[in-house]
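Hi,

Here is the structure I said I would pass on. Have a look at it first, and my notes follow underneath.

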Number of protein chains: 2
Amino acid sequence: MAVSQTIDDQCISTIRTVCPEMVQAAKSGHPGAPMGMAAMAHVLWSRVLRFSPSNPSWANRDRFVLSNGHACALHYMMLHLCGYDLTMDDLKNFRQIGSKTPGHPEAHETPGIEVTTGPLGQGIANAVGMAIASRHQAAVFNKPGLQLCDNKVYVFCGDGCLQEGVAAEAASLAGHLGLGNIIMLYDDNQISIDGSTDLSFTEDVAKRFESYGWHTQIVADGNSDLDGIEAAIRAAQSDARPSIISVKTAIGFGSEREGTAKAHGAPLGDDLIEKVKQKFGQDPAHKFYVSDAVRAKYQEVQTANKQQEETWNQLFAKYREQYPKEAAEFQRIYIDKQLPANWESVLPTFGDDAPTKATRATSGACLDKLTMALPELIGGSADLTPSNNTAGFQKQAGDFQAKSPEGRYLRFGVREHAMVAIGNGLASYGLIPFTATFLEFLTYCYPAVRLAALTQQQQVLVFTHDSIFLGEDGPTHQPVEVNAMIRATPNLGFFRPADGTEVAASWKLAIQNKTGPTLLALSRQGLPNISATSAAGVAQGGYVIRDVNDSKPTVVLVASGSEVSAALAAADKLEADNSAHKVRVVSMPSTVLFDQQSGEYRRSVLPLSTPIVSIEAAMKFGWERYSHHQIGLSSFGLSAPIKDIKKHFGFEPEQIASTVESMLSESQKQAAEFGVSPAAFVGVLAAQK
Amino acid sequence: MAVSQTIDDQCISTIRTVCPEMVQAAKSGHPGAPMGMAAMAHVLWSRVLRFSPSNPSWANRDRFVLSNGHACALHYMMLHLCGYDLTMDDLKNFRQIGSKTPGHPEAHETPGIEVTTGPLGQGIANAVGMAIASRHQAAVFNKPGLQLCDNKVYVFCGDGCLQEGVAAEAASLAGHLGLGNIIMLYDDNQISIDGSTDLSFTEDVAKRFESYGWHTQIVADGNSDLDGIEAAIRAAQSDARPSIISVKTAIGFGSEREGTAKAHGAPLGDDLIEKVKQKFGQDPAHKFYVSDAVRAKYQEVQTANKQQEETWNQLFAKYREQYPKEAAEFQRIYIDKQLPANWESVLPTFGDDAPTKATRATSGACLDKLTMALPELIGGSADLTPSNNTAGFQKQAGDFQAKSPEGRYLRFGVREHAMVAIGNGLASYGLIPFTATFLEFLTYCYPAVRLAALTQQQQVLVFTHDSIFLGEDGPTHQPVEVNAMIRATPNLGFFRPADGTEVAASWKLAIQNKTGPTLLALSRQGLPNISATSAAGVAQGGYVIRDVNDSKPTVVLVASGSEVSAALAAADKLEADNSAHKVRVVSMPSTVLFDQQSGEYRRSVLPLSTPIVSIEAAMKFGWERYSHHQIGLSSFGLSAPIKDIKKHFGFEPEQIASTVESMLSESQKQAAEFGVSPAAFVGVLAAQK
């Protein structure tokens, strides 16, 4: 068989044998999908995709997204063949500690991986964000005769991706926006983990994508009809709509498990791999074998790509001559990914006499000013533009629509999950995405936020209506658990600012944070300006805003957001009612940043052996890290006007003062009873729940 | 105009004026959608729906779900007109504290509300669960000539619901399952909060639903073509497919804001309401006015429904005579909602000599036994049947499919969010749903879990692969933040059992917990049997499993799940290496239940002034409630074999022992330095992060 094989066949057979060998060496992984998708991968990389292995971040490269990330052995293999910095040893170290070849693709770990995938459906939504970014950069920077940006976005996905809601949301939006630069190859193998897709997935996928406004095609023999695959991709390239190509394949192609769920998630075993190799005319004794002919073929592919990059470099040089200002801006945003000089000077300041305002409103004021100062800022709201105070940005930046790709305001519709995943795609281009909804609906988009945190991608999450104090909409819309959820997530920046000064400082830090997402939790209700708040304090996460003269505090109140002004009023009341009290108040807009300060600083703010009481209109859970006693919630909220909610849950300043008083006296009593210091209580050991 | 109005027109006009008056009285809310949907509501309630106001849980009632829950003024108004226990004063108290008329529908607060909605898309998925439940009860209980169960599920939804991924997932599954008993009326008003749906939502909705296998219809004038609405509903009833009827309406119909986004989310104002009332021939001076004629019309509707319920009662009596056993079972599951006697006796026990097993495997063993003991148990997996160990249940209970509605195993496909929301619909019928996926993918379905917790609905979440120890799949699949997320959620039961004994006890408590969801976090990897574990201990949430003879412990190790056996081994090592150590070990399968114990019990397990070290392979955040020092994670996991992950993150018993040793000596040093007890540290004040 080997004799009669074309070079294409040899390449595909090589992919189909090395991938299961990677899985076999790892003793875990997914051999079936790489074997099924080998032909489409070979066609895409060898005939279509433009890329630069020596410069994986070449600005005009085509983007490839493996949405069914479990098939990553295939992706690593292709990157290896194409000359990326992935050696055969890296392939042999698949799924091992410290390797560049983890069990699912991680963009921050591996050269050539654009976005982190694996949780299904995310890659499709990422790709929609990338296609928006590509359209946008072309609209802004291309000039007559100088097509600086014409990169396209290619996606592989499986049944699982198409079943996920996030993919449905993103696909509907892609159709609406007419993103003809996205081409998705659907690995239509009719098999999922449970067995045949007949068990749960019998919808007419093509018809569904037509309903979204996509161009749809079918390749009947995706295992071997290379020209058919290529022709479909070419047709997709020339169609103005986003394209989905249903490529009919067999999972585990060539193995005894072909066409069965057994091929999906476990190594084939040495015996079966041996048989596969024999079938493809390979010597089973040669493991991880890539013939010279296959190497030569992919060397050709690399050379052709090198030429493409050089052509583009010449184009960019010419562009730079004719449009020096635009070239510099393109370089700054998409190549160097640097902020412009002095951008932060536009941020508004809020003096001592600033009026009472909701922090969503002061956030809106910041965003207004940033609109033109940061042309890389692009984003929108999940159909809550007036509520999230992003309308000012919209007015200046204009909508991004099919007919206005130069616009920077995205009308996401009620699609929170796709929104943030699209943001991840935008960030991968170098743009700074912002996305907006109600804080409670973080729970609708959390998986995408998590991936941004994991893969160290920037995104500013402008999440308003941040507590039970949103009022009448009630507990379905009132976040109570969300702050803890955020604080428990690694590398997720979080600010819950107390007033305009803290809002502006939070925006500044969010824009500066290039290595992860940052969430701003903003109030619906008006909050008084606090004269002691400061940008320097916000940068430390937590800081003293009211202190005691000439003595040690007897109690420290630590609060965030809307509870900071309440804590200040409660402190006044405590001291007025009882001259023995000396009350310090700490504003804690960001426990995340506070945790990063030195132990010395932390103890200087929250002194040892002084009783500390935290105050936040959210579940108490987690505040035990910072306080001995917690004023917060133990249940969901309720539907009522804000004043009734405040009273019901004990957040009026006089109620806070009285609760603090009784907590202190109760803990004194307990301390005496148990013979310990009043500051000795771990949360659960004190009398309070 | 009043003179010429038909009684139907009068009813609709009444709905169209009282609803905005409710919003006006509340000074907040959503008048537009109720005014737009008034005609379809009137047709549905007065001509179609079967219900029993005096017995809102009548087993064979039709179900109504308002998926666009913000329109709930409409639903409350209909319930009031139909004679449910909702007075005019309740309507006047819309969105006020303690009222039965909160800002979004809450099933546990209001008679006649079937499921809690508001977070968009959920209601559609709930309805799919209800349609499954209805089909299933009919298949099991109906007999020739005795159609005990023929109730249908009606849904109202808006554009927002249809944009959400959860609705897309559920609709695809409903089409696959051929749920002809679901009839959805889509309030197609072309307006969302941001403005026209042209901004973001231009897909062909009918075509999309056809692609799922739904029957689609359009009512061109949904504002006034009552017969057209009725005819479409009748056609939907007789079609074997699930149905969506696109009802073209105008938001805010009859007001000056008709057809605009301004009608959506703010009171119209007294002036505009006055004009609406004049337009509909009503006296603006009469607020909250329902004429005698309208009352009489809805009295007729009630009488007809009363007759239907009585007819059914006669049918059930006849059924009971002919099929006493089946009747008793129907009564138990769907009316009394009681567990059968001695059901728990089937649960397996795990003796001292039980072999090492993953807790997902012992969970599978429990589920196997429960399959036939609990005929109300119904559920499945999001395409992870082999991994979640739910295959044993599947084998015995059989698939629920279009052609086998008597089956109880649901093939959800890769649709986690719809899965749990469908579970909420199943639970609303009285069935006990279980749903399964990987623990990390709680993040894909959390909004539905939260609604179960909020509205006190049962569901058993069988979530496996519960930590970084799942290994090679890597950080995209390894939960690290999820335990904290769960613990921060009110009324969400949570068990992370350490061995088979704790698994069986957790299952028992999960089945008994009828007032909320319960999540079981189960290991992928094998765990040794621990002889000291007990069901009684699990019921207390945390309990001592290794103690110190004749003295006070010098340190307490508290751990959950897979870290309990590691803590035991570490305790042995600590004592062997240093005879000064006396180590207590506490197993904490459920912090949720532990928090509910008395302070006395809690302090008896975790003694004051003894250093406590927690050990869990998850983010440390939140453990400060229970411990002075935390062994856990501060970052995402990584892709590697389990043994390397254990070592890398310090979870080998000897590493734990050595960490505990250094934590203790460091805290002694700090205590001396700062002049406090070593047990005085609040988390952030100690040297550790």
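Is strand 19 (residues 612-619) of chain A largely enclosed by the rest of the structure, or is it left open? Keep in mind as you look that this is a predicted model. The strand is largely enclosed, because 8 of its 8 residues are buried; a residue counts as buried if 20 or more other C-beta atoms lie within 10 Å of its own.

Strand 19 of chain A has a partner in strand 17 (residues 555-559) of chain A, and the two pair in the parallel sense over 4 bridges. One pairing you can look up is A:Val558, whose bridge partner in strand 19 is A:Ser614. Strand 20 (residues 629-633) of chain A also runs parallel to strand 19, joined to it by 4 bridges. There, A:Ile615 has A:Ile631 in strand 20 as its bridge partner.

Follow chain A on from strand 20 and you get to the loop before helix 24 (642-649), which is where A:Ser635 sits. A:Ser635 is exposed, because just 12 other C-beta atoms lie within 10 Å. For a sense of scale, A:Ser635 and A:Ile511 are 124 residues apart in sequence, and their C-alpha atoms are 34 Å apart in space.

Now over to chain B and its helix 5 (residues 122-141). With 20 residues at 1.5 Å a residue, this helix should span 28 Å, and its end C-alpha atoms are indeed 28 Å apart. Helix 5 of chain B is largely enclosed by the rest of the structure, since 17 of its 20 residues are buried.

B:Val128 is worth clicking on. Beyond its neighbours within four places in sequence, its contacts include B:Ala170, B:Leu173, B:Ile182 and B:Ile422. B:Val128 is also among the residues with the most contacts inside the largest nonpolar core, which has 436 residues. A:Val128, A:Leu557 and B:Leu557 are listed there too. In soluble globular proteins, nonpolar side chains tend to be buried together.

Finally, how the two chains fit together. A turn of 180 degrees, with a shift of 0.0 Å along the axis, lays chain B on chain A with an RMSD of 0.0 Å. That is the relation of a two-fold axis. The contact takes 106 residues from chain B and 106 residues from chain A. On the side of chain B that touches chain A, helix 7 (residues 165-177) gives the largest share, 8 residues. By class, that side has 43 nonpolar, 39 polar and 24 charged residues. The copies meet through the same surface, because 100% of the interface residues of chain B are also interface residues in chain A.

Cheers

Note on methods. Residues are numbered from 1 along each chain as its sequence is written. Chains are lettered from A and ligands numbered from 1 in the order in which they are written. This is a predicted model: local features need pLDDT of at least 70, side-chain atom pairs count only at pLDDT 80 or more; totals for chains, interfaces and linings use all residues. The expected span of a helix is 1.5 Å times one less than its number of residues. Two strands pair if DSSP finds at least two bridges between them. Copies are superposed by least squares on the C-alpha atoms of residues with pLDDT of at least 70 in both. Two residues are in contact if their C-beta atoms, placed from the backbone, lie within 7 Å. Ala, Val, Leu, Ile, Met, Phe, Trp, Tyr, Cys and Pro count as nonpolar, Asp, Glu, Lys and Arg as charged, and the others, Gly among them, as polar. A nonpolar core is a set of buried Ala, Val, Leu, Ile, Met, Phe, Trp, Tyr and Cys residues joined through C-beta atoms within 7 Å.
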